[in-house]
Amino acid sequence: MMVYMKMNPQILIVDDDESIRGLIESRLTGFGYQIHAEENAAGLRRALRERSLNTILLDIGLPDGNGIALIKEIHEWEPELPVIIITAHGSIEQAVKAMREGAFDFISKPIDFNRLDVIVKNAVEHDQLKRRVHSLELFRRHQFCDLIGGSPEMQVIYNIIETVAPSRASVLITGESGTGKELAARAIHQLSPRRAEEMIDVNCAAIPKDLLESELFGHEKNAFTGANDQYIGRCERAHNSTLFLDEISEMDSNLQAKLLRFLQELTFQRIGGRESIKVDTRIITATNRDPAEAIRNHQLREDLYYRLNVVNIAMPPLRKRSEDIPSLAEFFLRKYSDENGKAFRTIPDDTMDAMMRARWSGNVRELENTIYQAVVLNEGTVLERSMLPDTVFNGIESPSSPPTHTVRSQNVENHTGNTLEIVPLDALERQAIERALEITQGNVGLAAAKLRVSQATMYRKIRDYNLNLKAIKKENSD
């Protein structure tokens with residue numbers, strides 16, 4: 001896939017009439033286009049292999065190929081490349097057929113050069129716009145601080161973090177266990193003016209309730225039995241920094257009331273102390289519970305919730321951003337291979353397909369743990385599906401299931417024959433993906449490149465449309 005670059009647009013003229021080629025080339029060169037000319041289908045194919053083209057002007061009647069059939073071949077190579085058909089005078093029916101097959105536009109002989117100028121200009125601008133969009137997609141953030149994923153859901157998260165980080169606003173991060181709430185909190189801290197100081201974190205669920213108050217606010221010597229020394233609590237240690245309270249809804253309600261008072265004034269007293277201590281700290285909290293439900297169940301004070309929830313970041317579960325699984329899996333594979341002196345570097349299509357279909361109820365943490373376990377317990381360079389625990393894949397469609405990819409909508413197959421019929425976009429998309437996989441013999445990476453989408457998007461679409469990669473590969477190898 002090519003990244004858009006500013007250059008003279010590349011135009012290919014394919015016509016067996018030398019005089020026509022010469023006239024068109026002479027006309028278009030004056031507009032700053034770089035012109036290439038071929039006289040037959042063989043030359044067209046060679047140009048597709050060797051050049052990065054912006055538009056093709058294609059004669060419908062070549063000595064070694066039919067122009068309409070060649071449109072399909074061109075789009076298998078470059079799916080969105082504009083093709084302008086050149087037809088004989090009065091061949092409107094052929095022109096309409098070419099448009100149905102995906103031609104960008106048509107022009108009849110003898111050439112109306114004013115019309116030619118406009119059509120070529122529109123085609124080139126269309127192609128360049130597509131390339132700009134693709135270029136922007138390439139620069140979409142696939143990693144942000146320690147968060148990984150290029151999905152739209154994660155782009156939203158990155159933008160919120162980037163916007164809120166410089167402020168003092170309290171942030172409440174919600175989401176299921178294993179979705180990366182602590183990583184999001186660390187990203188906010190790393191991008192904030194407080195980043196020079198270490199972020200102080202407290203897991204409210206991991207500290208016994210009778211010790212949590214002391215852990216937060218500290219205590220004076222002899223404040224209670226066993227308090228042999230003064231203890232500086234984490235609120236005090238978070239002065240000029242960020243205090244991250246994880247699993248806030250697990251905190252005792254009485255302590256939640258004290259925390260609310262602290263948030264209002266940013267002052268507190270150590271247990272057993274009389275001195276009021278004022279700190280400058282930014283509060284970030286997280287919970288894996290639904291806040292509304294936690295409030296109804298008296299697990300979270302409503303007044304505290306409103307104080308904490310100035311800005312909310314809802315971390316999406318992995319099942320809602322499954323297109324990030326390939327990026328995450330490859331990151332974890334390389335990370336744990338390097339840490340454990342292993343040689344794993346590759347995840348084949350069948351393994352990745354299985355991971356894309358898995359439930360991952362434990363979200364990113366479960367995926368990470370699964371790959372870590374596989375790396376530690378196995379040897380090799382390729383992470384085979386057999387190396388992953390069966391429990392991960394319970395409920396996944398059996399490989400022996402009928403190859404669903406062969407079942408196509410009759411409407412899709414016949415849509416070119418009925419101009420009044422409207423075919424759903426998802427049906428067309430599915431057909432395009434199936435066709436790309438068939439042409440590439442199930443090579444997901446190559447198919448993604450031909451369709452000009454990311455490999456992660458291809459895997460997500462394969463899952464969404466319930467396509468069977470093994471069946472596609474087997475069918476094309478028979």
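These notes cover three sites in a predicted model: a buried leucine, a charged surface patch and a nonpolar surface patch.

1. Leucine 12. This residue lies in strand E1, which spans residues 10-14. Its relative accessibility is 0%, so leucine 12 counts as buried, the cut-off for that class being under 20%.

2. Surroundings of leucine 12. Setting aside neighbours within four places in sequence, leucine 12 is in contact with His36, Ala37, Glu38, Leu44, Ala47, Leu53, Thr55, Ile56 and Leu57. For one of these partners, leucine 57, the C-alpha atom is 6.1 Å from that of leucine 12, although the two residues are 45 residues apart along the chain.

3. Negative patch. On the surface, a patch of negative charge is formed by Asp16, Asp17, Glu18, Glu39 and Asp64. One of its members, glutamate 39, sits in the loop that runs between strand E2 (34-38) and helix H2 (41-50). Glutamate 39 has a relative accessibility of 43% and therefore counts as partly exposed, because that class falls between the limits of 20% and 50%.

4. Nonpolar patch. Tyr372, Val376 and Leu377 make up a nonpolar patch of about 280 Å² on the surface. Valine 376 belongs to helix H15, residues 363-377. With a relative accessible area of 41%, valine 376 is partly exposed.

5. Points to check in the viewer. For the interior site, look at leucine 12 in strand E1 and its contacts, including Leu44 and Ile56. For the surface sites, look at glutamate 39 in its loop and valine 376 in helix H15.

Definitions and conventions: Residues numbered from 1 in each chain as written. Predicted model: local features only at pLDDT ≥ 70, side-chain atom pairs only at ≥ 80, totals over all residues. Heavy atoms only, no water. Patch = residues over 30% accessible without salt bridge, like charges linked within 9 Å, V, L, I, M, F, W, Y side chains within 5 Å. Areas by Shrake-Rupley, 256 points an atom, 1.4 Å probe, with all protein chains shown as cover. Salt bridge = Lys/Arg side-chain N within 4 Å of Asp/Glu carboxyl O. Lys, Arg positive; Asp, Glu negative; His and termini not counted. Charge placed at Lys NZ, Arg CZ, Asp CG, Glu CD. Helix = DSSP H or I, 4+ residues; strand = E, 2+ residues; numbered from the N terminus. Buried < 20%, exposed > 50% of the residue type's maximum accessible area, 1.4 Å probe, protein only. Contact = heavy atoms within 4.5 Å.
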